[in-house]
Amino acid sequence: MKEHNPHHLDINNTQSRLYNEDLAPLKENERSWGWFEIFNVWSNDIQSLFGYTLAASLFLTYGLSGWWVMLAIIVAGFVVMLMVNLTGRPSVKYGIPFPVLIRASLGVNGANLPAVLRAIIGIFWYGVQTYFASTAVTILLNIIFGEVEGSFLGLTTTAWIAFIMVWLFQLILFWFGIEPIKRFLNWAGPLVYVVMIVLMGMIWYQAGDALLPAIDSIFSADNNYDGSPLLAFTAIVGTMVAYFAAVVINFGDFSRFLRSERDMKLGNLVGLPINMAFFSFIALIITAGTLVLFNEAMTNPSDIVDRVDALPLTIVAALTFFAATVGINMVANFIPPAYDLANLFPKHISFRKGGVITAVIAFFVGALWLSFISQIGIVGFVNAVGAVIAPFFGILVADYYLIKKQQLDVNELFNDSPTGAYYYHKGWNIKAVIAFVLGGIFSIATVLVPALSQWEGYGFLLGAILGGFFYWILMKKQS
C-alpha cells in the first residue's frame with residue numbers, strides 16, 4: 001500500500017487558498033496511532049452515555065426478545081466495520097482528513113457542502129454529548145454539596161454548573177492537541193468497561209433468577225411498533241448504523257493518524273463487532289434488570305447508578321461515564337467539525353479556531369437539549385442525523401473505488417486552478433451534487449414523511465446506497 005517515493009505526500013503549492021498545515025497530508029513517519037487507539041475510539045463511542053441510552057431504547061422500542069435485539073446490534077457492528085474500512089483506507093494511504101479527501105468527488109469548492117453539513121451535525125452531537133457527560137458530573141456535585149435550589153430550561157442550578165464545567169474541560173483538552181486526547185481515550189475506554197461489568201453484576205445479583213427468563217418477554221410489553229419481527233430486526237440494525245453515520249463518513253479524520261491499514265482493520269474488528277457483542281450483552285442485562293427491580297425502564301446509566309445503593313460505585317461510575325462521553329465527544333464530534341470549518345477558509349480558520357467555533361455553538365445546543373431538542377425522541381433524532389449525510393458515504397466510496405480506481409493525485413487536491421484535476425465546473429462536481437440530492441430525498445423522507453415511517457431505520461443505508469449508485473451512473477456516462 002505504501003508508495004516507494006518518500007516525497008509522494010509533499011505538497012508543491014503551499015500558498016494555495018486550499019492549503020494549511022492542519023489539512024496537509026501526514027507523512028508515514030508522523031503517524032503514531034495503532035489498532036488500540038482505534039479500538040478506544042469505538043469503545044468510547046459505544047460506551048458513552050448517549051450510546052448506552054440509544055441501545056437501551058432499542059431494547060424497549062420494537063417489542064422483540066432481548067436476545068434478538070442484541071444480535072441486531074452485533075450485526076450493525078459488522079456493517080459499520082465494513083463501511084469504515086472503505087472510508088478509512090484512502091486516508092491511511094494519503095494521510096489526508098475527510099474534507100480534503102471529498103474534494104476528489106465533490107470538487108475543491110464543492111467539498112464545502114459535505115464539510116458544512118458534517119460540521120453542523122458534529123456541532124449538534126457535541127452539544128448533546130456535553131449535556132450527557134454533565135449528568136454524571138451533576139451526580140457527583142449532588143453527592144458532595146447536596147441539591148441546590150433553582151432551575152432554568154429544565155436544568156437545575158447544579159446541572160448548569162456541571163454543564164459549564166464539562167464544556168470548559170473539553171475545550172481545554174482540545175487545545176492541548178491530538179496526543180493528549182489519545183492518551184485520555186486509552187484509559188477512559190477500558191475503565192468504563194470495568195464499571196459497566198460491576199454495575200451489571202450488582203443488578204443481576206439483586207434481580208436474581210428472575211432476570212434471564214424475563215429477557216425473552218419483558219421488552220414486548222407496551223410497545224407501539226406495528227411491523228413484523230423481521231422489519232423490527234433490520235430497523236434496529238439500520239438505526240445503530242445511523243448512530244455511527246457521522247464517524248463512518250469522516251473516518252479518514254482518524255485513520256490518517258494510523259501507521260498501517262492492518263492497524264485500522266484490526267482496530268475496527270476489535271472495536272466494532274467484538275466490542276458491540278460484549279457491550280450489547282451488558283446493556284441487555286442492565287436494561288432488563290431495571291425493569292425487574294424498579295418496574296420501570298431506565299435508559300441513562302447515570303440514573304441507574306444513582307438508584308443502585310452503593311456510594312463508592314456511584315462515585316467511580318460517574319467519573320468513568322463522564323470520561324468516556326468526553327472522550328468520544330472529542331474524537332467524533334469536536335475534531336471533525338474543527339477540520340471541516342478549517343476547510344471552508346484554510347487561510348483564515350485554523351484547526352484550533354474551528355474547534356473554538358464548534359464549542360461556542362455547541363454550548364447552546366447542549367443547553368437546549370433537555371427542554372427542547374430531545375422532545376423529538378432519541379431514535380428519530382439519530383435517524384434524522386444519519387439521513388442528512390448518508391449519500392456522501394456512497395459518493396465517496398463509489399468515486400474512490402470505482403471511478404478513481406484507488407488512485408488520487410494529492411497535489412491536485414490542493415490545486416485551486418481552473419485547470420486542476422478536481423476543479424470540475426467552477427470547483428463543483430455538479431454530478432456529485434445531483435447524486436447527493438437524489439439519494440438524500442429518499443433518506444430524509446423516511447424520517448419526515450409519516451407514510452414512510454416504517455423505513456426510518458433504513459434511512460442512512462438506503463441513502464448511502466442510492467447516493468453511490470446515482471454518482472456511479474452519472475460519472476460512468478462521462479468517462
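Me: At what N to O distance do the side chains of Asp-399 and Lys-404 meet in a salt bridge?
Reply: This is a predicted model, in which local features need pLDDT of at least 70 and side-chain atom pairs count only at pLDDT 80 or more, while totals for chains, interfaces and linings use all residues. Residues are numbered from 1 along each chain as its sequence is written, and side-chain values use heavy atoms, with hydrogens and water left out. A salt bridge puts a side-chain nitrogen of Lys or Arg within 4 Å of a carboxyl oxygen of Asp or Glu. For Asp-399 and Lys-404, the N to O distance is 2.5 Å.

Me: Are Asp-399 and Lys-404 buried or exposed?
Reply: Buried means under 20% relative accessible area, exposed over 50%, and partly exposed in between (1.4 Å probe, protein chains only). Asp-399 and Lys-404 share one class. Both are buried.

Me: Which residues are joined into one network by salt bridges that share partners?
Reply: Glu-261 and Lys-265 form a salt bridge at 3.3 Å, N to O. They are 4 residues apart in helix 13, so about one helical turn separates them. Glu-261 is buried at 11% relative accessible area, whereas Lys-265 is partly exposed at 42%. Shared partners make one network of Arg-89, Glu-261 and Lys-265.

Me: How many residues apart in sequence are the parts that Asp-10 and Lys-27 tie together?
Reply: The side chains of Asp-10 and Lys-27 meet in a salt bridge of 2.7 Å, N to O. Asp-10 is partly exposed at 27% relative accessible area, and Lys-27 is partly exposed at 23%. Both lie in the segment before helix 1 (35–46), so the pair ties together parts whose separation in sequence is 17 residues.

Me: How many residues of helix 6 are buried?
Reply: Helices are DSSP runs (H or I, at least four residues), numbered from the N terminus. Helix 6 (residues 112–145) reaches 47 Å from its first C-alpha to its last, close to the 50 Å expected; the expected span is 1.5 Å times one less than the number of residues. Helix 6 is largely enclosed by the rest of the structure, because its buried residues number 25 of the 34.

Me: Which helix gives the largest share of the largest nonpolar core?
Reply: A nonpolar core is a set of buried Ala, Val, Leu, Ile, Met, Phe, Trp, Tyr and Cys residues joined through side-chain atoms within 4.5 Å. The largest has 165 residues, and those with the most contacts inside it include Trp-42, Ile-286 and Phe-460. The largest share of this core is 16 residues, from helix 15.

Me: What is the relative accessibility of Ile-285?
Reply: Ile-285 sits in helix 13 (residues 261–294). Among the residues it touches (heavy atoms within 4.5 Å) are Met-200, Trp-204 and Ile-215. Ile-285 counts as buried, because its relative accessibility is 0%.

Me: Is Lys-426 buried or exposed?
Reply: Lys-426 lies in the loop between helix 17 and helix 18. Its phi is positive, about 55°, although Lys-426 is not a glycine. Gln-406, in the loop between helix 17 (378–403) and helix 18, also is not a glycine and has a positive phi of about 65°. At 60% relative accessibility, Lys-426 is exposed.

Me: What is the relative accessibility of Ile-434?
Reply: Ile-434 is in helix 18 (residues 430–448). Ile-434 is also one of the residues in a nonpolar surface patch with Trp-428 and Leu-438 among them. Ile-434 counts as partly exposed, because its relative accessibility is 38%.

Methods
Patches are made of residues with over 30% relative accessible area and no salt bridge: like charges are joined within 9 Å, nonpolar side chains (Val, Leu, Ile, Met, Phe, Trp, Tyr) within 5 Å. Accessible areas come from the Shrake-Rupley method with a 1.4 Å probe; for residues, only the protein chains shown count as cover. Helices (H or I, at least four residues) and strands (E, at least two) are DSSP runs, numbered from the N terminus. Lists of a residue's contacts leave out its neighbours within four places in sequence.
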